[in-house]
Structures are given as structure tokens and as C-alpha cells.
Amino acid sequence: MLQTTKTVRLKHRNPLEKQIENDILRWLSYKNILACKIKTVGTFDLKRGRFRTPSPWYRKGVADILVCHQGKFIALEVKTKVGRLSPSQKHFFTDVAKAGGIAVLVRSVEDVAKVFNETVK
């Protein structure tokens, strides 16, 4: 059973998404779970004064953190207490499920630990 530890619990009363993401990634690393953060913000081109056109392979709605653990693909979308999934994120969740993966909305390290305790044995 995977459990959280004092060193990676959220330290903020109302954390920002970025703070939650960092705490989750720290916990996953501590547990030696393969995970990567997906860059979801566009790149601003200073010379042109606008955001660069994304690659044709770019997909809207991809989860913030992608995990591969014990042969399972897990997509973690991180939100604050009041954050909601966008339509493109819901569509991504559906596609992950159709492909046999697990896609979950998480709001804390504790949520991630629960996902691993319930779905990854």
C-alpha cells in the first residue's frame, strides 16, 4: 500500500495548481514511480510578439502529469479545490479510458496515493 509522508504533504492552505503539481511529482519521485510533467502552456515568441503555432501533433486537453507504473498508463490532471475539467480534458480522459489507461482528476498528494492504492496493485 502506498502512503503519503510528512515531507511531501501540501504545506499551503489554498495551494496553486503549480504547487500541487510539484508536491505530487515530488511524491511520485520519492516512490520511484516513472512520471513526467507535460508542458501545457504555449511558447511566446519575443521576436514575433505572439505565441508560436503548436506542432500538428499537439493535442489539447492532455493531462498535466503522465505516469507509467507496473505496466499501467495513468494520466493525472491536477486542479485546485475549485478547478474543473475543460471539454478537451474530458475528451482526453475518454480517449485514455478507451485505450485501457486510467485518467484521474486529482487535487492533492493524498488523492494520488488513493489512486495508486485503489487501481494499481
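These legends accompany a set of close-up views of a predicted model.

**View 1. The whole chain, for orientation.** Before zooming in, here is the layout. The protein chain holds 3 helices and 6 strands, and these follow one another along the sequence as α-β-β-β-β-β-α-β-α. Of its 121 residues, 35% count as buried. Among contacts between residues at least 6 apart in sequence, 63% join residues at least 24 apart.

**View 2. The largest nonpolar core brings together residues from helices and strands.** This core has 19 residues. Look for Ile24, Leu28, Leu76 and Phe116, which have the most contacts inside it. At least two residues each come from helix H1 (17-30), strand E4 (65-69), strand E5 (72-78), strand E6 (102-106) and helix H3 (109-119). The largest share belongs to H3, with 5 residues. In soluble globular proteins, nonpolar side chains tend to be buried together.

**View 3. Leucine 76 and its surroundings.** Here we centre on one of the core residues with the most contacts inside the core. Setting aside residues up to four places away in sequence, Leu76 touches Ile24 and Leu28, along with Ala63, Asp64, Ile65 and Val67, and also Val104, Val106 and Val112.

**View 4. Another nonpolar core.** Apart from the largest core lies another, made of 7 residues. Among them are Ala63, Ala75, Phe92 and Phe93, which make handy landmarks for this view.

**View 5. Leucine 34, an exposed residue in a strand.** Leucine 34 sits in strand E1 (residues 34-37). Is this leucine buried or exposed? Its relative accessibility is 59%, and the cut-off for exposed is over 50%, so leucine 34 counts as exposed. Leaving aside neighbours within four places in sequence, leucine 34 is in contact with Leu66, Val67 and Cys68. The C-alpha atoms of leucine 34 and valine 67 are separated by 5.8 Å, although the two residues are 33 residues apart along the chain.

**View 6. Two glutamines, in helices H1 and H2.** Glutamine 19 lies in helix H1, while glutamine 89 lies in helix H2 (residues 87-98). How do they stand in terms of burial? Glutamine 19 has a relative accessible area of 25%, which makes it partly exposed. For glutamine 89 the value is 11%, which is under the 20% cut-off, so this residue is buried. The contacts of glutamine 89, not counting residues up to four places away in sequence, are with Gly61, Glu77, Lys79 and Arg84. For glutamine 19, a useful partner to find is threonine 80: the two are 61 residues apart along the chain, and their C-alpha atoms are separated by 9.7 Å.

**View 7. An edge-to-face aromatic pair.** The whole structure contains 2 aromatic pairs. The one shown here joins phenylalanine 44 and phenylalanine 51 in an edge-to-face arrangement, with 5.3 Å centre to centre and 80 degrees between the planes. Phenylalanine 44 is partly exposed, with a relative accessible area of 39%.

**View 8. The second largest pocket and its lining.** Our last stop is a pocket with a volume of about 220 Å³. Which residues lie nearest the centre of the second largest pocket? They are Val41, Gly42, Thr43, Pro54 and Tyr58, out of 10 lining residues. By class, the lining has 3 nonpolar, 5 polar and 2 charged residues.

Notes:
Residues are numbered from 1 along each chain as its sequence is written. This is a predicted model: local features need pLDDT of at least 70, side-chain atom pairs count only at pLDDT 80 or more; totals for chains, interfaces and linings use all residues. Side-chain values use heavy atoms; hydrogens and water are left out. A nonpolar core is a set of buried Ala, Val, Leu, Ile, Met, Phe, Trp, Tyr and Cys residues joined through side-chain atoms within 4.5 Å. Buried means under 20% relative accessible area, exposed over 50%, partly exposed in between (1.4 Å probe, protein chains only). Helices (H or I, at least four residues) and strands (E, at least two) are DSSP runs, numbered from the N terminus. Contact means heavy atoms within 4.5 Å. On a 1 Å grid over the protein atoms alone, a cavity is a set of points where a 1.4 Å probe fits but cannot get out, and a pocket is an open set with protein on both sides within 12 Å along at least five of seven lines; lining residues have an atom within 4 Å of a point. Grid points are joined across faces, edges and corners, and a volume is the space filled by probe spheres set on the points. Ala, Val, Leu, Ile, Met, Phe, Trp, Tyr, Cys and Pro count as nonpolar, Asp, Glu, Lys and Arg as charged, and the others, Gly among them, as polar. Rings of Phe, Tyr and Trp (its six-membered ring) pair if their centres lie within 6.5 Å; planes under 30 degrees apart count as stacked, over 60 as edge-to-face and the rest as tilted.
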